[in-house]
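Let's take a walk through this one, going from the overall layout to the core and then to the ligand. Keep the viewer open as you read.

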Amino acid sequence: MASSMEAQRKSLPIYSARDRLIREIKTNPCCIVVGETGSGKTTQIPQYLHETGLSKKGLIGITQPRRVAAISIATRVAKEQSVSLGAEVGYAVRFEDCTGPSTKIKYQTDGLLLREAIQDPLLSRYSVVILDEAHERTVHTDVLFGVIKGAQKERRERHIKLLRIVIMSATLDTSSYSNYFNNAKVLYIQGRQYHVNVYYTLKPQSDYIHSAITTVLQLHGEEESGENGDILVFLTGQDEIESMLHTLIQCKSLFPSHWKDMMVLPLFSALPSAQQQKVFQKPPPNTRKVILSTNIAETSLTLSGVKYVIDTGMVKGRGYNPLMGLDLLLVQPISKAQARQRLGRAGRESEGYCYRLYTEESFLQLEENTVPEIQRCNLSSVLLQLLAMGIKDILSFEFMDQPPEESLIAALEELVLLKAVNKEENGEETLELTPLGQRMSSFPLSPSLSSCLLASVDYDCVVELVTLVSLLSVDTVLYTPTDGREKADLARMKFFCPEGDHLLLMKIHKAYQTSNEKKSWCHDNYIHARNMSTVQDIRKQLKEICRQNSLQLTSNNDGERLRKTLLCGFFRNVAEHVRDGKYLTVLSRQEVFIHPSSCLFSVTPPPPFVMYTELVHTTKCYMRMVSVIDPKWLFEIAPNYFHKTMTTNMIQD
Ligand SMILES: Nc1ncnc2c1ncn2[C@@H]1O[C@H](COP(=O)(O)OP(=O)(O)OP(=O)(O)O)[C@@H](O)[C@H]1O
């Protein structure tokens, strides 16, 4: 076993560059490594650096944009090193730390390393930090660019051991990275392990899901038992994945009974780890895996057995409007860099095939790179983290690409309103994190959610808020099949709450906890069993952080109290009914509507004042997760703010 692993490691394209890589990384404080997908960057470089002794001086840390990649790569590397996972090779992700005192190579999400930098801005436990898949430009990786660059400089000035930086990807515009990292050395690794054949459609496809289903069925139907490649399909979200999964399972009966079986597996970020791990397992004999994934499988992963990639060319991307505090989720075309990464999931163990469900002309018209997330998201969490690290002068923080000024200002305003930050203007404007802000930064939550969690201390309902915040941290716990909406609504009628969705969620959670047979209870009530079990994991972690912050786990489930506590973090998200179901937000007088998925959607007359914890723009501007409030609470909770902004007709009682 060990020798076959050894032979496999030596057969990777990167192996011939091993000595050069070690030499260059040892002599240059910053290196940019670019090499084809599958050449061996992620799994091998950390091992080379460990084998050459760099891990004696501190950890070798490697970041990944996604938890599923961090876990699976660490598992693979532990195997290659013949050690148990969590010993010399480990991983750390938001709800799990699988490292120990002997850990030398640590894979982790970029978000987690950023959290670690709050405690230790010099990252003193590390001798090397490798930021992998840098082309993805997640907001966390972008902030880490500046944080590790600053840590390296400061360690040098203070004569603390050198922090080596390695930036890696298969698709990078090397010159801008090299400039940013003080003329970092750029190292290229030649070669791809196996060839991938690429096919395009001849005509544009109007329905990419339909095309994806047809392609899977054709591939499965064409091959008799000879070829045994698994199939990986890229879709945009959980809904699409579940609907395609449903269709494919129904289509299984189209194939003769002696035919290979089709095992259809979903993969998306809200899926609990244990379920995600199924995509890495070998299918039973005579069975083909068909993995339906969002872009979480786009980078880093080796899904053993995958020979065919079907790329719909679309992704659900985040957008943000800072003036309205509005998050946008839009299905949009991918970039060329993403298309190359998707292709790179094939050809890792043998020759591969990539079916792009768009024309070659459309491919050529795609943007070269993905727009950095930092330019299209709410920055309040990031700002809070930077302040918690002691970085006060945000405007001169060295971002690789500066975020829009209006996003930074909106984020700052949010933090000031939540009392996380004091803005002092004595000649020059300085920002001070308050003790409350410091506490808020210790929760892996958005500032609004951590703010209401901390407010629950004053309202004596910490346990309930932990539950509510956990319920709000997953996509949704309500399972509404596309073809069974009415049945689902009927089954969940018993949970209806005239006060709104937040108390409805609490009611569902209570019933879930008292049920003996959780799986069948979820099934009967159209509740998402997987997401509900993720909620339990999040609750555990949040309770632990509460304990670390010496917060007493008080409990009180009075509905008014819970809504008031929630309002402490979301008092800016209030809307007033004007007419015919149309609302105006108190803050910006923006026209908004209750989302059809809300239990208050068809309540008549519509409640005069509501609070929402999510605002999304699809066909209209919708409030999702809505609760009825009494406007008098606003003056109790945020008196200064509301005396300034409230319309006069609201103040009249
Ligand atoms: N879990 C695994 N099972 C089987 N083979 C694996 C596994 N992980 C990695 N490999 C092998 O190691 C090779 C190198 O993988 P690695 O992730 O290091 O490449 P990479 O250059 O970082 O690719 P990418 O740019 O796609 O992240 C793969 O092509 C595959 O052959």
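Domain bounds here come from an automatic or database domain assignment. Keep in mind, too, that you're looking at a predicted model. The assignment splits the chain into domain 1 (2-189), domain 2 (196-373), domain 3 (378-430), domain 4 (443-554) and domain 5 (571-651).

Start with domain 1 and domain 3, whose C-alpha centres lie 29 Å apart. They do meet: 12 residues of domain 1 are in contact with 10 residues of domain 3. On the domain 1 side, α5 (110-119) and α6 (139-157) each put in at least two residues, and α6 has the largest share, with 7. That side of domain 1 breaks down into 9 nonpolar, 1 polar and 2 charged residues.

Now for the inside. In soluble globular proteins, nonpolar side chains tend to be buried together. Here, the largest nonpolar core takes in 175 residues, and V166, V233, I310 and V610 have the most contacts inside it. Helix α4 (residues 67-80) supplies the largest share of this core, 8 residues. Want to zoom in? Pick I310: leaving out residues up to four places away in sequence, I310 touches A212, T215, V216, I231, V233, F234, Y355 and L357.

Finally, what sits around the ligand? A shell of 20 residues, with T37, G38, T42, T43 and R348 the closest. Domain 1 (2-189) and domain 2 (196-373) each contribute at least three residues to this shell, and helix α3 (residues 41-51) gives the most, with 4. By class, the shell around the ligand has 14 polar, 4 charged and 2 nonpolar residues.

Terms used. Residues are numbered from 1 along each chain as its sequence is written. This is a predicted model: local features need pLDDT of at least 70, side-chain atom pairs count only at pLDDT 80 or more; totals for chains, interfaces and linings use all residues. A nonpolar core is a set of buried Ala, Val, Leu, Ile, Met, Phe, Trp, Tyr and Cys residues joined through C-beta atoms within 7 Å. A residue is buried if 20 or more other C-beta atoms lie within 10 Å of its own, exposed if 12 or fewer, and partly exposed in between; C-beta atoms are placed from the backbone. Two residues are in contact if their C-beta atoms, placed from the backbone, lie within 7 Å. Ala, Val, Leu, Ile, Met, Phe, Trp, Tyr, Cys and Pro count as nonpolar, Asp, Glu, Lys and Arg as charged, and the others, Gly among them, as polar. A residue is near a molecule or strand if its C-beta atom, placed from the backbone, lies within 6 Å of it.
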